[in-house]
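Work through the exercises below with the sequence and the coordinates open. Try each task before reading its solution.

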Amino acid sequence: MIEQQKVAVITGGAKGIGRSAAKVFIDNGMRACILDVDITEGNKMQEEFGESLLFINADVSKSKDVAAAIEQCMAKFGRIDYLINNAGIQKYANAVTCLEEEWDLIMNVNLKSYFLCAKYCLPHMQAAGGGCVINVASVQSFVASANAVHYLTAKAALLGFTRSVAIDFAPAIRCVAVCPGTVDTPMVRSAWAEAVDPSAIEEASINMHLLKRVAQPEEIGELIYYLCSPKASFITGQAFRIDGGLGVAIDVSVKEGQKKK
Ligand SMILES: NC(=O)c1ccc[n+]([C@@H]2O[C@H](COP(=O)([O-])OP(=O)(O)OC[C@H]3O[C@@H](n4cnc5c(N)ncnc54)[C@H](O)[C@@H]3O)[C@@H](O)[C@H]2O)c1
């Protein structure tokens, strides 16, 4: 178990993967400060977890919001040991159809916010004697789907950002990217709902994973917690795919039963 009363700052912690991560940290005797724009869900988390959690209504793509939130977190908990950069949004466009404002929005939320939160949290993590930054990237940092030019660009860039933080803040602070395949979260549910045939896209999503299912957010939360824990003390600068084997198979071989006799 991680030492008691350490503090994890988790962006986008009101729903999905961030929410699960907050729950795992709290279940292991730690405290979570969640930064999110969803006030309704954030307040529900506050009620559910009480004194172990601090919900702050903050848009993490804005430096003013991040600076104020980290100050509030320090005033309440007095230390920061872990930063879980996780807030993200998903949109669909290619290099021609993508509006400039949409490109900027995705870059600001899915990439710049990771830098801003690191900028404001790292000094406190150093003061606490060290810690770990987790950047929730995606399997799409490595393999790509169509029509997601801004999302793919931001997720790939996070691998460079992860290496940069790992190098510049070693040995006290580790930095690791977590790269999920499809996870059953509100983000994915609303992406599926946008399709003409939502159940067909859900089935296709399930089938592209070797394990023939999508992940539950708890599975990602557990990996995030493990990577922050002393059990992962020799891991830094790396990206971990947690993707049910997505992209492992290429389907062009002559299979058993298809060979000439
Ligand atoms: N769900 C998946 O299949 C999947 C796969 C790979 C990677 N990811 C990544 O995991 C992360 C979490 O995704 P999720 O599926 O849990 O999404 P989600 O939509 O379920 O949760 C994301 C949370 O981020 C918050 N948020 C969005 N913009 C914000 C902002 N500007 N400031 C503060 N909070 C903000 C939302 O309110 C929400 O609570 C994202 O970075 C996403 O790209 C998700």
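N147 sits in the loop that runs between β5 and α5. The model is predicted.

**Exercise 1. Backbone of the loops**

Task: Find the sign of phi at N147, and say whether N147 is buried, partly exposed or exposed.

Solution. Step 1: read the torsion. Phi at N147 is positive, about 65°, although the residue is not a glycine. Step 2: read the accessibility. N147 has a relative value of 37%. Step 3: apply the cut-offs. Buried means under 20% and exposed means over 50%. N147 therefore counts as partly exposed.

Task: Do the phi reading for K212, and place K212 in its loop.

Solution. Step 1: K212 is not a glycine, yet its phi is positive, about 55°. Step 2: K212 belongs to the loop between α7 and α8. Step 3: its relative accessibility is 48%, so K212 counts as partly exposed.

Task: Which peptide bond, with omega of about 0°, is cis?

Solution. Step 1: the bond joins A170 and P171. Step 2: P171 lies in the loop between α5 and β6.

**Exercise 2. Helix α5**

Task: Check the length of α5 against the expected rise per residue.

Solution. Step 1: α5 covers residues 149-169, which is 21 residues. Step 2: at 1.5 Å a residue, the expected span is 30 Å. Step 3: from first C-alpha to last, the helix reaches 31 Å, close to that value.

Task: Which residues of α5 are buried, and what covers them?

Solution. Step 1: list the buried residues. They are H150, Y151, L152, A154, K155, L158, L159, F161, T162, V165 and A166. Step 2: look for the cover. It includes the helix α4 and the strands β4 (82-85), β5 (131-136), β6 (173-180) and β7 (239-242). Step 3: check A156, which is also found in α5. A156 has a relative accessible area of 36%, so it is partly exposed.

**Exercise 3. Helix α1**

Task: Compare the span of α1 with expectation, then decide how enclosed the helix is.

Solution. Step 1: α1 runs over residues 16-27 and has 12 residues. Step 2: the expected span is 16 Å, and the end C-alpha atoms are 17 Å apart, which agrees. Step 3: pick out the buried residues: G16, I17, G18, S20, A21, A22, V24, F25 and I26. Step 4: nine of the 12 residues are buried, so α1 is largely enclosed by the rest of the structure. Step 5: move just past the helix. G29 takes a positive phi of about 85° there.

**Exercise 4. The nonpolar core**

Task: How many residues does the largest nonpolar core have, and which helix gives the largest share?

Solution. Step 1: the largest core has 66 residues. Step 2: V9, I10, F25, L35, I84, I134 and I224 have the most contacts inside it. Step 3: the largest share, seven residues, comes from helix α4 (residues 100-127). Step 4: take V9 as a probe, leaving aside neighbours within four places in sequence. V9 is in contact with C33, L35, I70, C73, I80, Y82, L83, I84 and C121. In soluble globular proteins, nonpolar side chains tend to be buried together.

Now turn to the surface. L210, L211 and V248 form a nonpolar patch with about 310 Å² of accessible area together.

**Exercise 5. Salt bridges**

Task: How many salt bridges does a search of the whole structure find? Work through three of the pairs.

Solution. Step 1: the search finds 11. Step 2: R19 and E48 meet at 2.5 Å, N to O. This pair links distant parts of the chain, with R19 in α1 and E48 in α2 (residues 39-49), 29 residues apart. Step 3: R79 pairs with D81, with the closest N and O atoms 2.7 Å apart. R79 is partly exposed at 27% relative accessible area, whereas D81 is buried at 1%. Step 4: R189 and E202 meet at 3.9 Å, N to O. R189 is in α6 (residues 186-193) and E202 is in α7, 13 residues apart. Step 5: extend the last pair. D184, R189 and E202 are linked in a network of salt bridges.

Note on methods. Residues numbered from 1 in each chain as written. Predicted model: local features only at pLDDT ≥ 70, side-chain atom pairs only at ≥ 80, totals over all residues. Heavy atoms only, no water. Core = buried A, V, L, I, M, F, W, Y, C linked by side-chain atoms within 4.5 Å. Buried < 20%, exposed > 50% of the residue type's maximum accessible area, 1.4 Å probe, protein only. Helix = DSSP H or I, 4+ residues; strand = E, 2+ residues; numbered from the N terminus. Contact = heavy atoms within 4.5 Å. Expected span 1.5 Å × (residues − 1). Patch = residues over 30% accessible without salt bridge, like charges linked within 9 Å, V, L, I, M, F, W, Y side chains within 5 Å. Areas by Shrake-Rupley, 256 points an atom, 1.4 Å probe, with all protein chains shown as cover. Salt bridge = Lys/Arg side-chain N within 4 Å of Asp/Glu carboxyl O.
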